[in-house]
Amino acid sequence: MTPPVLRIGTRGSLLATTQAGHVAQALTDAGHPAELVIIKTQGDKSAAPVTEIGVGVFTTELRVALRNDEIDVAVHSYKDLPTAPEPDLVIAAVPPREDARDALVSNGNRVLGALPVGATVGTSAPRRVAQLRALGLGLEIRPLRGNLDSRLGKVANGELDAVVVARAGLARIGRTEVIAEAFDPVVLLPAPAQGALAVECRADDAQLVSTLATLDDPSSRAAVDAERAVLAALEAGCTAPVGAYAEVVESLDDDGRIFLELSLRAAVAAVDGSDVIRSSAVGPIEQAAQVGRALAAEMLESGAASLLA
Ligand SMILES: NCc1[nH]cc(CCC(=O)O)c1CC(=O)O
């Protein structure tokens with residue numbers, strides 16, 4: 001039995017409570033009153049690089065709370081969720097995704113190409129570090145962690161010339177005005193599932209699963225399923241130098257009729273920027289995960305494993 005007021009578990013950051021708040025509001029509007037329950041995760045307690053604290057640092061405690069029936073729903077940034085399946089839990093909804101691109105916030109609002117050699121750019125994600133280095137612009141990449149406000153603060157106070165963050169995070173907290181440039185995926189491929197939310201609940205809570213399903217956006221779900229299948233098939237985690245981006249696009253069949261299909265691009269980069277393997281594929285929306293796995297297999301044949309080692 002689902003209690004009268006749904007307990008929505010979320011991390012406590014402004015970004016997390018804002019995005020979980022949207023989910024709570026949507027449920028309340030649909031006649032299912034909901035409230036937020038703040039859960040502290042390992043990633044909130046430690047300021048160490050995520051690459052060191054490990055997989056699931058922003059999500060494990062939320063899943064524990066779900067299993068302990070302390071919350072009914074967990075709202076995660078989907079890109080923070082490990083790819084390992086959890087049979088007792090289900091991603092009941094992937095709401096419409098935000099713009100998935102990475103964004104540059106810089107001193108003087110300069111675009112990346114206008115930053116001089118030696119300019120300091122903050123980011124800790126190996127995926128961003130690798131792709132930025134591969135551009136060969138002579139930038140000084142500096143480690144960066146903490147919540148969005150503190151990251152932006154490092155540009156404002158002059159500690160760094162620029163930072164790279166997910167545009168979606170800025171959009172959700174209403175700060176897109178600070179963006180100097182949103183990177184085309186050709187330049188910088190976003191993390192698998194970046195900009196998407198995962199709305200998770202216990203798999204045996206059938207009534208709640210169907211309630212949450214009303215928030216699902218099938219195109220967003222297909223895209224993230226394909227992207228995460230690439231990551232899983234490469235046996236890489238959310239801190240690996242792997243970018244993937246999928247979207248539902250219009251194509252023409254042999255008779256000139258428009259149909260929808262999934263277009264997927266992925267990249268694996270050496271963290272020192274010395275090499276990038278890129279690949280792309282199109283396929284049926286209903287077979288998103290297969291499209292992702294096939295692309296990963298192709299990239300492994302091109303030598304992706306040696307870049308991930
Ligand atoms: N691990 C940090 C994290 N998890 C989700 C987002 C941004 C929002 C999103 O991608 O949905 C961020 C911050 C960032 O990458 O700049």
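This is a dialogue between a visitor and a guide about reading the features of a predicted model.

Visitor: Let me begin with the overall layout. Into which domains is the chain divided?

Guide: Keep in mind that this model is predicted. The domain assignment splits the chain into domain 1 (6-95 + 196-216), domain 2 (102-182) and domain 3 (224-308). Domain 1 is written as two stretches, 6-95 and 196-216.

Visitor: How far apart are the C-alpha centres of domain 1 and domain 3, and how many residues does the contact take from each?

Guide: Their C-alpha centres are 26 Å apart. Domain 1 gives 10 residues to the contact and domain 3 gives 7 residues. On the side of domain 1 that touches domain 3, the classes are 6 nonpolar, 2 polar and 2 charged residues.

Visitor: Now the ligand. Which residues surround it?

Guide: Its shell consists of Ser77, Lys79, Asp80, Val165, Ala166, Ala168, Gly169, Gln194 and Gly195. Two elements, β8 (162-166) and α7 (167-172), each give two or more residues to that shell. By class, the shell holds 3 nonpolar, 4 polar and 2 charged residues.

Visitor: Why does the ligand lie between domain 1 and domain 2?

Guide: Look at who supplies the shell. Because domain 1 (6-95 + 196-216) and domain 2 (102-182) both give residues to it, the ligand lies between them.

Visitor: How should I read a pair of helices, such as α9 and α10? At what angle do their axes cross?

Guide: Start with the axes, then the handedness, then the residues. Helix α9 (residues 218-233) and helix α10 (residues 288-301) have axes that come within 7 Å and cross at roughly 35°. The crossing is right-handed. From α9 the contact uses Ala222, Asp225, Ala226, Glu227, Ala229, Val230 and Ala233. These meet Ala288, Ala289, Val291, Gly292, Arg293, Leu295, Ala296 and Ala297 in α10. Sorted by class, the contact residues are 11 nonpolar, 1 polar and 3 charged.

Visitor: Is there a general idea behind the spacing of residues on a helix?

Guide: There is. An α-helix has 3.6 residues a turn, so residues three or four places apart point the same way. Keep that in mind as you look at another helix, α4.

Visitor: Which residues of α4 are buried, and what covers them?

Guide: In helix α4 (residues 60-67), the buried residues are Glu61, Leu62, Arg63 and Leu66. Their cover includes β1 (6-10), α2 (42-45), β3 (73-77), β4 (89-93) and β10 (197-202).

Visitor: What follows α4?

Guide: Aspartate 69 comes after α4, in the loop that leads to β3. Its phi is near 60°, a positive value in a residue other than glycine.

Visitor: Is aspartate 69 buried or exposed?

Guide: To judge that, count C-beta neighbours inside 10 Å: 20 or more is buried, 12 or fewer is exposed. Aspartate 69 has 11, so it counts as exposed.

Visitor: Where is alanine 193, and is it buried or exposed?

Guide: Alanine 193 sits in the loop between β9 and β10. It is buried, because 30 other C-beta atoms lie within 10 Å. Its phi is near 70°, which is a positive value in a residue other than glycine.

Visitor: And valine 186, is it buried or exposed?

Guide: Valine 186 is placed in the loop between β9 (181-182) and β10. It counts as exposed because it has 9 C-beta neighbours inside 10 Å. From arginine 11 it is 175 residues away in sequence and 32 Å away in space, C-alpha to C-alpha.

Visitor: Can we do a case of residues brought together by the fold? What does glycine 122 touch?

Guide: Glycine 122 belongs to strand β6 (residues 120-122). It is buried, since 22 other C-beta atoms lie within 10 Å. Leaving out residues up to four places away in sequence, it touches Arg142, Leu144, Arg151, Lys154, Leu160 and Val163. Its C-alpha is separated by 6.4 Å from that of valine 164, 42 residues apart along the chain.

Visitor: Arginine 151 is among those contacts. Where does arginine 151 lie, and what does it touch?

Guide: Arginine 151 lies in helix α6 (residues 148-156). With 20 C-beta neighbours inside 10 Å, it counts as buried. Beyond four places in sequence, it touches Gly122, Leu144, Gly146, Val163 and Val165. The C-alpha atoms of arginine 151 and valine 163 are 12 residues apart along the chain and separated by 7.2 Å.

Notes
Residues are numbered from 1 along each chain as its sequence is written. This is a predicted model: local features need pLDDT of at least 70, side-chain atom pairs count only at pLDDT 80 or more; totals for chains, interfaces and linings use all residues. Axes are lines fitted to C-alpha atoms, for helices over the stretch in contact, and angles run from 0 to 180 degrees between N-to-C directions. Helices (H or I, at least four residues) and strands (E, at least two) are DSSP runs, numbered from the N terminus. A crossing is left-handed if the near helix is turned anticlockwise from the far one by less than a right angle, and right-handed if clockwise. Two residues are in contact if their C-beta atoms, placed from the backbone, lie within 7 Å. Ala, Val, Leu, Ile, Met, Phe, Trp, Tyr, Cys and Pro count as nonpolar, Asp, Glu, Lys and Arg as charged, and the others, Gly among them, as polar. A residue is near a molecule or strand if its C-beta atom, placed from the backbone, lies within 6 Å of it. Domain bounds come from an automatic or database domain assignment.
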